[in-house]
Amino acid sequence: MTVQIKTIDLEPKRNTFAHVARRLGADKPASRYQEATLDVQATENFHYKPLWEPEYWHYDTRKTAVVMADWYKPLDPRQFYYSTYNIARANMNQAAEKNFAFVDERGLLTKASAQAQAAIRRGLLPVRHLHWGSNMNMAEMTQRGYGTAVTAPCIFSAGDHLGMAQIVSRIGLALDGQTGTCLAAAKQGWMSNPAWQGVRKLIEDTLVQRDWFELFTAQVLGVNEVVLKLVYGALEQAFPESGLSLAMLTGFMSDWAADETRWSDAVLKSVAAESEANKRLVSGWAEQWIARAVTAAEPLSAGLLGDHGAAARAAGEAARGHGRKLGLAL
Amino acid sequence: MTQLASITLMHNDAARPIIDAVMADNPDVRVLNMPGAVKLDCEGRLRVNRASVEERMGRAWSPQEIQLVLVSMAGNLEEDDDQFTLSWRK
């Protein structure tokens, strides 16, 4: 007797959810990112108007002046959903942990002169408050924005800013023997040191911004491209004695910036390309917020590098060039 | 008759971007669906491009990673940082 082994290929009744299949144009297997993103946000049948803003519904396309026929067009090229985001960040964090252990083991930060350590306390630690403000901005865009394609990466970015604030705090704790006195002093610096007042005003002005896509433009082209780029790009120059160890400890920030820009560029590009009106609006916002960020960063750049704000202006020029590459009229 | 260059991949989320990339980059590919696996056949030559896979996957991808979802293959393998090509050399 011979036994024949046969396999049967069972066709699944459906390959994905109906709402995803409508987006893909056919019932075919969808990626996790697509299933976790496309048309996930509720769009109708809300029961009550929000009392705090009765002119809008909970999710309302009118909360920004830019108009998109479809808010699921600006997709995330990194295809982040909960698990891919966490895996990517866990890997980055592991590298950061190793660098902290390395710097701690060799006492690289505390070996520097008292003067050099004081410069770090004054010139770097207050940036954790800027990250905290950015965290609130990204969370605000998550709650006022429209469509999971944009709002999900916004909350990931909010988490990133919180993480970066923690990395900066840990540099402070490494300097003050884990007591936290450094951080209290950095808060005072953030509130009263003239070098930081421009940046503080900038982030506080963005906190009260109601148009969420203007806020997006201000955050990614103003705060990220000008101020954060300036701060993390100037480390070696601003703190010559501990520049290398600081560059190691903030390696997360440069990896993050490259990653975040991939996403924020795709969003800006797709929104500006939607219509002439969008392009005009976003270009206007970019122009205004890059200029404000440069004015804000000038005293900081002067304080860090003693360059009368030249590095801030150069960062502004680079941000404008970056915006032009995305199709903005700058 | 030309011999078939062929690759069999697991049919799962990790392999789907690779399968899609092969189907896009090799116009004459024949697709054979089996339970849990997909066999892709090409006359003479079958190529997997890193750039096409990365575009679909949304992250950096090395052609070596194909081993994680590879079931079987037929043809002489030529592999570098940018591609993974199967063909029959005369």
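In chain B of this predicted model, 3 strands form an open sheet in the order 4-7-6, with antiparallel pairing. Strand 4 (45-49) and strand 6 (76-79) of chain B are the edge strands, each pairing on one side only. On average, and with direction ignored, neighbouring strands of this sheet are turned by 15° against each other.

The pairing of strand 4 with strand 7 can be followed in detail. Strand 7 of chain B comprises residues 83-87, and 5 bridges join strand 4 of chain B to this antiparallel partner. Within strand 7 of chain B, Leu86(B) is the residue that stands opposite Leu46(B). A helix is placed against these two strands: helix 2 of chain B, residues 50-57, lies across strand 4 and strand 7. The direction of helix 2 makes an angle of about 50° with strand 4 of chain B.

These elements belong to a chain whose secondary structure comes to 2 helices and 7 strands. Along the sequence of chain B, they follow the pattern β-α-β-β-β-α-β-β-β. Of the contacts in chain B with a separation of 6 or more, 65% are accounted for by residues 24 or more positions apart.

The overall dimensions of chain B may be considered next. Its C-alpha trace spans about 40 × 30 × 20 Å along the principal axes. Chain B has a radius of gyration of 12 Å, which agrees with a compact globule, because a globule of 90 residues would have a value near 12 Å. Of the 90 residues of chain B, 21% count as buried.

Chain B also touches chain A. The contact takes 7 residues from chain B and 8 residues from chain A. On the side of chain B that touches chain A, the residues divide into 2 nonpolar, 2 polar and 3 charged.

In chain A, attention turns to helix 5. This helix covers residues 127-144 of chain A, and its 18 residues reach 26 Å from the first C-alpha to the last, close to the 26 Å expected at 1.5 Å a residue. Among the buried residues of helix 5 of chain A are Val127(A), Leu130(A), Ser134(A), Met138(A) and Met141(A). The buried residues of this helix also include Arg128(A), His129(A), His131(A), Glu140(A) and Arg144(A). What covers the buried residues of helix 5 includes four helices of chain A: helix 6 (148-175), helix 7 (181-192), helix 8 (194-207) and helix 9 (212-233).

Technical notes. Residues numbered from 1 in each chain as written. Chains lettered and ligands numbered in written order. Predicted model: local features only at pLDDT ≥ 70, side-chain atom pairs only at ≥ 80, totals over all residues. Rg over C-alpha atoms; globule rule 2.2 N^0.38 Å. Buried ≥ 20, exposed ≤ 12 C-beta atoms within 10 Å, placed from the backbone. Expected span 1.5 Å × (residues − 1). Nonpolar A, V, L, I, M, F, W, Y, C, P; charged D, E, K, R; others polar. Pairing = 2+ DSSP bridges. Axes fitted to C-alpha atoms, helices over the stretch in contact; angles between N-to-C directions.
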